[in-house]
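These are my notes from a session spent looking up helices, buried residues and a pocket. I kept the entries in the order in which I followed them.

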Amino acid sequence: MLVSYFGVTLAVILLGIGIFGLTNSKNVIRILLSSEVILNASILFVFSLSSVLGRTYLPIVFSIFAVGMALTEVVVAFAAIILYFRQKGSLEVD
């Protein structure tokens, strides 16, 4: 149970770091990395909280959830980067 609470705490800390990086960075690559930290924090939070609540998932559920979230993030991030580059001609955020 202590490990589950540690997971929730770590997820909240990672979420804060990701949000800080997302809001204070001007480079698209840093913004993408910050969104990756937020994604991993959300996955850690979901499964740590489910463990705290007494519900455990099979490893296959975790794997499918993690792969689905990562795939969604990559598709959205690359689409945003391509659109931004087409409009601005650079990857630097103003």
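Which helices each supply at least two residues of the lining of the largest pocket? I looked this up first, bearing in mind that the model is predicted, and found that α2 and α3, the latter covering 59–88, each meet that count. The largest share of the lining, six residues, comes from α3.

**Entry on the pocket.** I noted a volume of about 150 Å³ for the largest pocket. Its lining consists of Val28, Ile31, Leu32, Ser35, Glu73, Val76, Ala77, Ala80, Ile81 and Tyr84. Sorted by class, I have eight nonpolar residues, one polar and one charged in that lining.

**Entry on α2 as a whole.** I checked the length of α2 against expectation: at 1.5 Å a residue its 25 residues should span 36 Å, and since the end C-alpha atoms are 36 Å apart, the two values agree. At the start of the helix I found a side-chain oxygen of Asn27 that reaches to within 2.9 Å of the backbone nitrogen of Ile29. Just after α2, I recorded that Gly54 takes a positive phi of about 90 degrees.

I then listed the buried residues of α2, which are Val28, Ser34, Leu39, Ala41, Ile43, Phe47, Ser48, Ser50 and Val52. Against which helices do these buried residues pack? They pack against α1, residues 2–24, and against α3. Val28 appears both in this buried set and in the pocket lining.

**Entry on α1.** The same length check for α1 gave 33 Å expected for 23 residues at 1.5 Å a residue, and its end C-alpha atoms are 33 Å apart, which agrees. In this helix I found Ser4, Gly7, Val8, Ala11, Gly18 and Gly21 to be buried, and the buried residues of α1 pack against α2.

**Entry on Ser48.** Is Ser48, in helix α2, buried or exposed? I count Ser48 as buried because its relative accessible area is 8%, where the cut-off for buried is under 20%. Leaving aside neighbours within four places in sequence, I found Ser48 in contact with Ser4, Gly7 and Val8, and these three are listed among the buried residues of α1.

**Entry on Phe47.** I turned next to Phe47, which also lies in helix α2 and is buried, with a relative accessible area of 16%. Not counting residues up to four places away in sequence, Phe47 touches Tyr57, Val61, Phe62 and Phe65. For the pair Phe47 and Tyr57, which are 10 residues apart along the chain, I noted a C-alpha separation of 7.9 Å.

**Entry on Ser50.** What does the side chain of Ser50 reach? It reaches the backbone oxygen of Phe47, at 2.8 Å. Ser50 lies in helix α2 and is buried, with a relative accessible area of 8%. With residues up to four places away in sequence set aside, I found that Ser50 touches Arg55, Thr56 and Tyr57; Tyr57 is also one of the residues that Phe47 touches.

**Closing entry.** Reading the entries together, I have Ser48 in contact with residues including Ser4, Phe47 touching residues that include Phe62, and Ser50 touching residues that include Arg55.

Terms used
Residues numbered from 1 in each chain as written. Predicted model: local features only at pLDDT ≥ 70, side-chain atom pairs only at ≥ 80, totals over all residues. Heavy atoms only, no water. Buried < 20%, exposed > 50% of the residue type's maximum accessible area, 1.4 Å probe, protein only. Contact = heavy atoms within 4.5 Å. 1 Å grid on protein atoms, 1.4 Å probe; cavity = no way out; pocket = protein on both sides within 12 Å on 5 of 7 lines; lining within 4 Å. Points joined across faces, edges and corners; volume = space filled by probe spheres on them. Helix = DSSP H or I, 4+ residues; strand = E, 2+ residues; numbered from the N terminus. Nonpolar A, V, L, I, M, F, W, Y, C, P; charged D, E, K, R; others polar. Expected span 1.5 Å × (residues − 1). Polar contact = N/O pair within 3.5 Å; in protein donor to acceptor, adjacent residues only side chain to side chain.
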